[in-house]
Amino acid sequence: MAQIRIDKYLSVALGISRTEAKILLRSGTVTADGVKITKGDAKIDASARVYVGEVKANYKEHIYILMNKPEGILSASTDKRVKTVVDILPENLKREGLFPVGRLDKNTTGLLIITDDGDFAHKVTSPKTHTEKRYFAELDGEVKPEFVDIFKEGVTLVSGEVCKSAILEPSGKHSAYVTVTEGKYHQIKRMFGTVGLGVNKLHRESIGKLTLDKSLSFGEARELEDQELRLIWEKS
Ligand code: URA
């Protein structure tokens with residue numbers, strides 16, 4: 001496992017600031033694999049057994065956060081002008097290197113994963129893994145039954161890009177669920193554009209078999225459990 005500074009380790013494991021971690025270290029109560037550590041810049045193995053007094057500090061190399069993204073917030077880590085999904089996380093979930101897994105448009109709502117694990121993010125967003133993303137769309141016109149086959153065959157966007165086969169499930173005269181396995185720029189809006197429909201509202205419901213936690217209000221977030229993460233890869 002990678003080497004990590006002890007102050008960073010403690011800050012992540014205990015949800016405290018690096019300054020607080022340094023104060024803790026100076027108190028002489030921290031050990032890593034039985035060795036007392038007092039300096040913040042000391043490096044330890046990320047798999048070391050770290051204790052603060054008698055209490056074990058549990059460090060996880062990566063964090064996976066589920067957010068119900070609200071409207072008007074940017075899917076990015078930082079931005080000079082507007083608030084991002086990382087800005088609105090509660091302090092106890094914040095750590096360095098967080099970013100959203102794929103992008104939802106500023107006015108799109110729903111399931112968004114935020115992590116610091118680049119390999120995981122790549123796996124979720126790569127079309128090669130065929131990970132299904134399901135959206136609910138409210139449209140400005142009628143969803144005609146023939147659109148189902150058009151989406152299934154793979155829509156060719158105005159740009160000439162060809163989309164993979166998608167599942168369209170009309171759910172009302174002006175609304176539908178759409179499931180795609182890739183994430184081209186503005187993909188759902190552009191797909192509906194090819195059949196003459198504008199998207200008034202877009203909400204992501206699920207990624208793989210991981211569905212949005214209905215108890216999360218817009219803007220709320222919580223850490224994902226390991227068994228929930230596994231749902232992303234579960235095939236039916
Ligand atoms: N497709 C879109 O058009 N917008 C999103 O936010 C996500 C998928």
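Hi everyone, let's start with one pair of side chains: Asp7 forms a salt bridge with Arg18, and their closest N and O atoms are 3.9 Å apart. Asp7 sits in helix α1, residues 6-14, while Arg18 belongs to helix α2, residues 18-26, so this pair ties together parts that are eleven residues apart in sequence. Before I go on, please keep in mind that this is a predicted model.

If salt bridges are new to you, here is the basic idea: side chains of opposite charge can pair when their charged atoms come close.

Now, is Asp7 buried or exposed? Asp7 has 0% relative accessibility, and because the cut-off for buried is under 20%, Asp7 counts as buried. Its partner Arg18 has 26% relative accessibility and counts as partly exposed.

This pair also belongs to a wider group. Arg5, Asp7, Arg18, Lys22 and Glu96 are linked in a network of salt bridges. And how many salt bridges does the structure hold? The count is 13.

Let me show you two others. In one of them, the side chains of Lys94 and Glu91 meet, with 3.2 Å from N to O. Glu91 is exposed, at 63% relative accessibility, whereas Lys94 is partly exposed, with a relative accessible area of 31%.

In the other, Arg190 forms a salt bridge with Glu161, and here the closest N and O atoms are 2.6 Å apart. Arg190 is in helix α5, and Glu161 is in the loop between α4 (147-153) and β11 (167-172), so this salt bridge ties together parts that are 29 residues apart in sequence. Both ends are partly exposed: Arg190 has 24% relative accessibility, and Glu161 has a relative accessible area of 32%.

Please hold on to helix α5, as we meet it again at the ligand. Which residues surround the ligand? They are Leu104, Asp105, Thr108, Tyr135, His186, Gln187, Ile188, Lys189 and Leu202. Helix α5, residues 187-194, gives the largest share of this shell, with three residues. Sorted by class, the shell has four nonpolar, three polar and two charged residues.

Let's look at some individual contacts. On the Asp105 side, an N or O atom of the side chain is 2.7 Å from a nitrogen atom of the ligand. His186 takes part through its backbone, where an N or O atom lies 3.2 Å from an oxygen atom of the ligand. Lys189 also uses its backbone: a polar atom there is 3.0 Å from an oxygen atom of the ligand. As for cover, the ligand on its own has 240 Å² of accessible area, and the protein covers 96% of that.

My last stop is a sheet. A quick reminder first: strands of a sheet pair through backbone hydrogen bonds, either parallel or antiparallel. Here, four strands form an open sheet, in the order β3-β2-β5-β6, and the pairing is antiparallel. Which strands stand at the edges? Those are β3 (35-36) and β6 (55-57); each has a single partner strand, so one side of each is left without a neighbour in the sheet.

If you would like to find one pairing yourself, try strand β2, residues 30-32, which is joined to β3 by two bridges, with the two strands running antiparallel. Look for Thr31, which stands opposite Lys36 in β3.

That's my tour, from salt bridges to the ligand to the sheet. Thanks for listening!

Notes:
Residues are numbered from 1 along each chain as its sequence is written. This is a predicted model: local features need pLDDT of at least 70, side-chain atom pairs count only at pLDDT 80 or more; totals for chains, interfaces and linings use all residues. Side-chain values use heavy atoms; hydrogens and water are left out. A residue is near a molecule or strand if one of its heavy atoms lies within 4 Å of it. A polar contact is a pair of N or O atoms within 3.5 Å; within protein, one must be able to donate a hydrogen and the other to accept it, and residues adjacent in sequence count only if both atoms are side-chain atoms. Accessible areas come from the Shrake-Rupley method with a 1.4 Å probe; for residues, only the protein chains shown count as cover. Ala, Val, Leu, Ile, Met, Phe, Trp, Tyr, Cys and Pro count as nonpolar, Asp, Glu, Lys and Arg as charged, and the others, Gly among them, as polar. A salt bridge is a side-chain nitrogen of Lys or Arg within 4 Å of a carboxyl oxygen of Asp or Glu. Buried means under 20% relative accessible area, exposed over 50%, partly exposed in between (1.4 Å probe, protein chains only). Two strands pair if DSSP finds at least two bridges between them.
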